[in-house]
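Biologist: I'd like to learn how to read helix packing, a strand pair and a chain contact. Could you walk me through them?

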Amino acid sequence: MNYAQYFTQADGWALAPIFMVAATALVVLIVDLFESGHARRYVNIGIGIAGLIAAGFVEAQQYGHPYAAFSNAYVVGGFSVVFSEIVLIATIFSLLLTAGVGRDDQIGGSTALVLWSAAGAMLMTGAANLMTIFLGLELLSLGLYALCGLANRATSHEAALKYLILSSMASGFMLYGMALLFGATGSVGLAALIGAPLSGMLVVGVGLFLVGIAFKLSLFPFHVWTPDVYEGAPLAVTAFMSVVTKAGVLAVLARFAYAALPQHRELFVPLWILAALSMIFGNLGALAQTDLKRLLAYSGIAQLGYITVALAGATSLGLRYAIFYLTAYLFMNLGAFAVIALLSREHDEGSSLQAFGGLSERKPWAAAAMAFFLLALAGLPPTAGFTGKILILATTVDAGYVWLAALLIVGTAISFYAYIKVIRVMYRPEPRPRTHYVYAHTLLPWVGVVVGAIAVLAMGLYPFVPSDVLPLVK
Amino acid sequence: MLIPALVLGPILLGFAALLIPRHAHGAAKVYGYVIALAVTIATIASASAPDATVRWLSRPFEAAFHLGWTGIGYWLAVLLAIVTLCALVAVRASRQRDFVASILVLEGAMMGVFAAKDLLLFALFWDLMLIPVFFILVGWGPAVATAWRYLLYNLVGGLTLLLATAAFGIAYGSTDVIGRTGVTPLGDVWAPWIFAGFALAFLVKTPVWPLHTWMPATYADLPPEVAAIVSAVQSKAGLYGFIVIGIPLFGSAMHAAQPLMFVLGLIALLYGGYIALVENDAKRVVAYSSLSHLGLILLAVFSGNDLALRGAFVYLIAHGLFSAALFLVLGYVERREETRLLDRLGGLGTRNPRLAGALVLPALAALGLPGLAGFAGEILILTGLYRAGYVWPAVIALIPVVLAAAYMLRVYQGMMHGPSVADLPERPDLNWVEGIALAPLVIAFVLLGIQPLPVANGLTFVAAQTATAQGPAPPPSPTPQVTWVTIPGSMGGWVLKQVVYPTQAPQK
């Protein structure tokens, strides 16, 4: 049989970055066998990061060269490049965070799983076919199920189980939706949806598909798994999930809304309503949290609401600003996680709010960095959060969704209380800490903190979004 | 590049202050004081400094880092510099280094509000200036709840400002509009809503009844040096916004909102004056007197009358000067006697004559004694209101002027006169550092009282735009009538050149 009629060399190049990430995972696993002690941690992380950076370079070569590979199942272009780079950067960040927490003998496996999950997310960014979407989603999720349960805590096992069951259920919804879409159009290609007439099957199919999307984006009311899973999972995994999963799913959503179904915009209105509810309830939920990871989970629910709102008008500017805010969110959120990683020890992630009491006295730079990231998440100037919110507000008003813009403002107002509460705890003078804190023995998370802070500031002052980001479907 | 340096300098140098050793209180004070002095000199010298612009956004609307002076913005910046200098001379706090650093950052952020010529940049600094005050309230105030209340009220205002700015940018295509002539007014579909967003932010900041509830506790809980800055300068940001954003860009919406604003302004005037009359805490008396005074300025800003607007400029600066001086002196008293309740204090004047003198001057300015700056502003506003045909508002606005005399003298009498209270600690009289901290303020409000013209005229661009404020389309060439107004009863008699533009009927 001659495979050449199906796969050309160009198809292989389109997938090259994904293969590089996946192959790096294999290298990590093999090298891990020959290392022992503390060194293996840094060797594994180093190899992982090197592979990701190399993949990032190869990925960047595809910018400006749109190409539909594998009979239009995987479409490369500015859109997939931008989202894949976001995935790669977020993965590098989360590898930096693994430096301080977890057991030495788990690092090899967890690094490999993280890399494979990242490969899944990258597959989703270019997926232009229902099957590819599902393939990417499952590749992404399978690694995460294992990663969530990695820590030796009851909450971690609970998180893994919860994530497995609920996520599988959401995948089920999504798959059912895909089946109905297939039934409505007779094809698994997203291109078949263009111009598809509005039928009952199509509406239900899109609805079920969006339920799956909303679950993965943890939009209200499909968000209930998020705080528990984020709290239980190891810190680096939480950081990974909070950005990489979202980037992959947002790419799918954007391609779906912009390229596949531009003519049936009204079908997406329920999703915008969910986004609006997420902005309100995510921030309300964040108010009462006493654990930083839970707080960031709720804040992530709200932040994803902001990003989804930007897509509401289905304008090209809206998509660009959603990407801008997603990038900003990456640096703000992962910067905050990096600060938590700085305070973590091997068996205790320093994420409880109590551990932050009087931090400004003990570690003034870490406290300042945390305050900066939280203020950025709250959307205060002169950070990327502020600029991103302005851009989203502007494009939402422009698209005619003034009510969404108003709810965004309300949500932001609520969120101030949640974020600034943490800052207040850090800057409250503490007479003397009750326990003697031992800090992580590594400076690697500092790299994440510094890079994140510089990026948040620079993006706030000079917002820049690549222009060629419209998703394609062939 | 002088103006950007005035904005960024204090912020960066404020953060740099954290490099000073923690316990070097004296060094921190000298550091802050020297920087504030340099900023004051540079601000005064920057009157004709050119604007600085760097492009910021080009889509979805144009925005720029555009810093420069509008007429009143320059005077408010000078006020800010002087008040900050005085506050830093007077400063005495625990953790002094952090305190000085916060004040410097606050100065830079507020300088940015008055220098911003782009709406988005204005909104940016508007939010930024809340943060240092919040942390000062948390770190040095007695109750954290006050800090939250301050922050939440003002941030909600800041967020509506942000939404309005975004909407303005979308509707107009650019936010680089402050102080720019020839901006086409927005249509009637957008303008009222966008203006409502701006107005809410400005009214919370000023504050105006019924949005004022954060204010008395904030002023009372802030350390006196920062209370001086916040009440003297930060509260002016809202009225400044009405003047440089509302009047030129939203003329017809301002006109439509006039009845509501008159009612709010008059309620603030009377309510603030009445509470000031019965309140026991001296700092709260001054806080409520601010509510009353700023209500008067709100009337002037919305009267659409050129003379009243000029009076508003004068009164903005005058109120800043005397309220800063009042808060500083009340701080001195509280530091000595460890209370500021009027029924506890008494008879300080006999032992502390210099302190009594320091209190009486700003109190006289506040109650509108002719010859001091407060009177200059009040008389111009009231005359302007009367000339514009608002006879009854002008008459009602006279009542709080009388009330001001009552509550200011009540504060003075309660503290300085009467029998000495036996169980109050005996402390030394005003020392020379404290005196020097007050001197610039006192000199300034005396000078402004004698010669208010530079400030009153320092708004040329707004005055030119009041003509267009009444309707969207200005006539081809309005011929202004120039009249010379002599203010009766002024020392030496001020002569004001009043430019009256032909009134136009609002367009449908």
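Modeller: Happy to; we will take the helices, then the strands, then the two chains. Keep in mind that this is a predicted model.

Biologist: How do I describe two helices that pack together?

Modeller: Two packed helices are described by the angle between their axes and the distance between the axes. Here, helix α1 (residues 2-16) of chain B packs on helix α4 (residues 96-115) of chain B at about 160°, and their axes are 7 Å apart. Angles over 145 degrees count as roughly antiparallel, so α1(B) is roughly antiparallel to α4(B). The crossing of α1(B) past α4(B) is left-handed.

Biologist: Which residues of α1(B) and α4(B) meet?

Modeller: On α1(B) they include Ile3(B), Leu6(B) and Phe15(B), and on α4(B) they include Leu104(B), Glu107(B) and Met111(B). The residues of this contact comprise 14 nonpolar, 4 polar and 1 charged.

Biologist: Now the strands. How do β1(B) and β2(B) run, parallel or antiparallel?

Modeller: A general idea to start with: in a regular strand the side chains alternate between the two faces of the sheet. In this case, strand β1 (residues 52-57) of chain B and strand β2 (residues 63-67) of chain B run antiparallel, joined by 5 bridges. Leu57(B) has Ala63(B) as its bridge partner in β2(B). The two strands form a hairpin, with 5 residues between β1(B) and β2(B).

Biologist: And how many residues of chain A are in contact with chain B?

Modeller: The size of an interface is often given as the accessible area lost when the parts come together. Here we can count residues instead: 23 of chain A are in contact with 25 of chain B. On the chain A side, α16(A) gives the most, with 10 residues. That side divides into 19 nonpolar, 2 polar and 2 charged residues.

Notes
Residues are numbered from 1 along each chain as its sequence is written. Chains are lettered from A and ligands numbered from 1 in the order in which they are written. This is a predicted model: local features need pLDDT of at least 70, side-chain atom pairs count only at pLDDT 80 or more; totals for chains, interfaces and linings use all residues. Axes are lines fitted to C-alpha atoms, for helices over the stretch in contact, and angles run from 0 to 180 degrees between N-to-C directions. Helices (H or I, at least four residues) and strands (E, at least two) are DSSP runs, numbered from the N terminus. Angles under 35 degrees count as roughly parallel, over 145 as roughly antiparallel, 65 to 115 as roughly perpendicular and the rest as oblique. A crossing is left-handed if the near helix is turned anticlockwise from the far one by less than a right angle, and right-handed if clockwise. Two residues are in contact if their C-beta atoms, placed from the backbone, lie within 7 Å. Ala, Val, Leu, Ile, Met, Phe, Trp, Tyr, Cys and Pro count as nonpolar, Asp, Glu, Lys and Arg as charged, and the others, Gly among them, as polar. Two strands pair if DSSP finds at least two bridges between them.
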